[in-house]
Amino acid sequence: MTAPHHVDTIFPVEDNCLLIGGMPLTRLAERVGSTPFYAYDRQLITERVAQLRAALPQEIHLHYAIKANPMPAVVQYLAGLVDGFDVASGGELKVVLDTTMAPDKISFAGPGKSEAELRQAAAAGIVVNLESEREMETLARVGSEIGVRPKAAVRVNPDFELKAAGMKMSGGPKQFGVDAERVPAMLARMKQLPIEFYGFHIFSGSQNLRAEAIMEAQRNTFELARRLAKDAPGPVRLLNLGGGFGIPYFPGEQRLDLQAVCEHLAGLVPDARRDFPEAEFVIELGRYFVGEAGVYVSRVVDRKESRGQLFLITDGGLHHHLAASGNFGQVIRKNYPVLVGNRVKPEGEPSLASAVGPLCTPLDVLGDKMELGHAQIGDLIVVLQSGAYGLTASPQAFLGHPAPVEVLV
Ligand SMILES: *Cc1c(COP(=O)(O)O)cnc(C)c1O
């Protein structure tokens with residue numbers, strides 16, 4: 001038997017129905033007009049940003065890494081709440097340039113940027129986080145060709161790692177950034193190039209729920225930046241400290257102790273301010289802004305029993321939400337928090353069922369043996385914690401079903 005999932009959903013429940021954006025889910029489904037759909041609650045996004053602002057020292061600027069959720073309406077909305085954006089492709093760059101965000105508050109990371117992307121970035125006047133010496137040379141050349149002096153920061157592959165991160169992106173050999181020990185030579189070369197040095201981008205990992213690990217990484221990040229700044233072609237104007245703040249997805253996971261992280265960071269800021277008087281200190285977060293504010297909603301189209309096990313067949317599945325199926329970087333499949341949105345609590349004793357999708361593969365599971373047995377045909381199955389790495393991190397073309405709608409409520 002799988003343990004029931006006790007996630008303290010941050011969505012209110014009224015008359016046994018989830019409220020999304022203040023609206024009963026059943027009514028929202030009518031408003032959207034079709035299932036499956038993704039819905040993102042703007043009030044929850046606002047509250048999350050406010051919570052961060054209240055806890056963080058004022059000196060820390062907040063950037064949104066839009067790969068977590070690049071829906072244009074979400075990005076537009078966040079443009080009014082955060083201090084900058086981080087993008088990882090020319091496509092994402094287009095989305096953020098359509099917002100009111102000032103170009104010099106936008107940075108572009110990611111290995112293997114194409115020449116076309118570097119030209120666009122230079123022309124747009126955004127900050128390119130250089131991932132290799134080759135990128136630096138190309139950026140300088142395309143800048144000269146189009147008559148601008150491109151802004152660049154060096155993305156550093158640190159000589160430390162972020163412990164307990166869901167996804168480690170630093171320490172040891174990595175395809176991201178330039179190894180810290182090679183950065184001095186790169187900076188020496190940069191002095192000879194028509195590039196405006198902005199600073200450093202030191203991102204060490206993602207989805208971390210352990211405050212201690214994040215604090216340690218932040219301490220190490222400032223230290224590394226101090227060492228590297230000695231060889232810099234100019235003052236550090238941008239120091240991107242990475243992010244890595246995780247959200248709880250699975251049974252037993254505890255929320256990140258945000259207060260502890262922020263207080264510790266506040267303690268590091270005075271020395272950092274002294275050593276980097278011109279720098280903007282940035283934390284870049286993706287899922288922490290939007291992950292908990294989003295749900296994926298599908299409808300039960302069939303209810304089948306097979307040799308004692310109940311299956312709820314829904315019109316949604318892994319082609320829209322790969323992560324919930326357990327196939328997006330998980331080693332052991334665990335259930336996302338899933339509930340029956342229009343019938344949150346069962347009338348009688350809870351019973352188990354598996355919510356699955358319509359794809360002809362046994363991988364297409366949204367919730368395995370969870371307390372969903374009271375769901376009826378037509379009911380709405382809700383996957384929580386779905387505001388990040390949902391639709392755009394899923395193989396939508398697989399099996400040729402229609403795309404879901406996305407709404408910001
Ligand atoms: C993916 C990514 C992020 C966002 O990660 P989250 O876990 O969603 O916060 C931030 N910065 C960089 C460089 C990334 O690659």
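Select Cys 360 as a starting point: with a relative accessible area of 75%, Cys 360 is exposed, where exposed means over 50%, buried under 20% and partly exposed in between, for a 1.4 Å probe and protein chains only. This is a predicted model, in which local features need pLDDT of at least 70 and side-chain atom pairs count only at pLDDT 80 or more, while totals for chains, interfaces and linings use all residues. Residues are numbered from 1 along each chain as its sequence is written, and side-chain values use heavy atoms, with hydrogens and water left out.

Go next to Cys 17, which counts as buried at 7% relative accessibility. A search for disulfides, taken as pairs of cysteine sulfur atoms within 2.5 Å, returns zero in the structure.

Now select the ligand and display the residues around it that have a heavy atom within 4 Å. There are 13 of these, and Lys 67, Ser 206, Glu 284, Arg 287 and Tyr 389 are the closest. By class, the shell comprises five nonpolar residues (Ala, Val, Leu, Ile, Met, Phe, Trp, Tyr, Cys and Pro count as such), four charged (Asp, Glu, Lys and Arg) and four polar (the others, Gly among them).

Finally, draw distances from the ligand's oxygen atoms. One such oxygen lies 2.5 Å from an N or O atom in the side chain of Tyr 389, a ligand oxygen is 2.7 Å from a side-chain N or O atom of Lys 67, and at Arg 287 a polar backbone atom is 2.8 Å from an oxygen atom of the ligand.

Note on methods
Polar contact = N/O pair within 3.5 Å; in protein donor to acceptor, adjacent residues only side chain to side chain.
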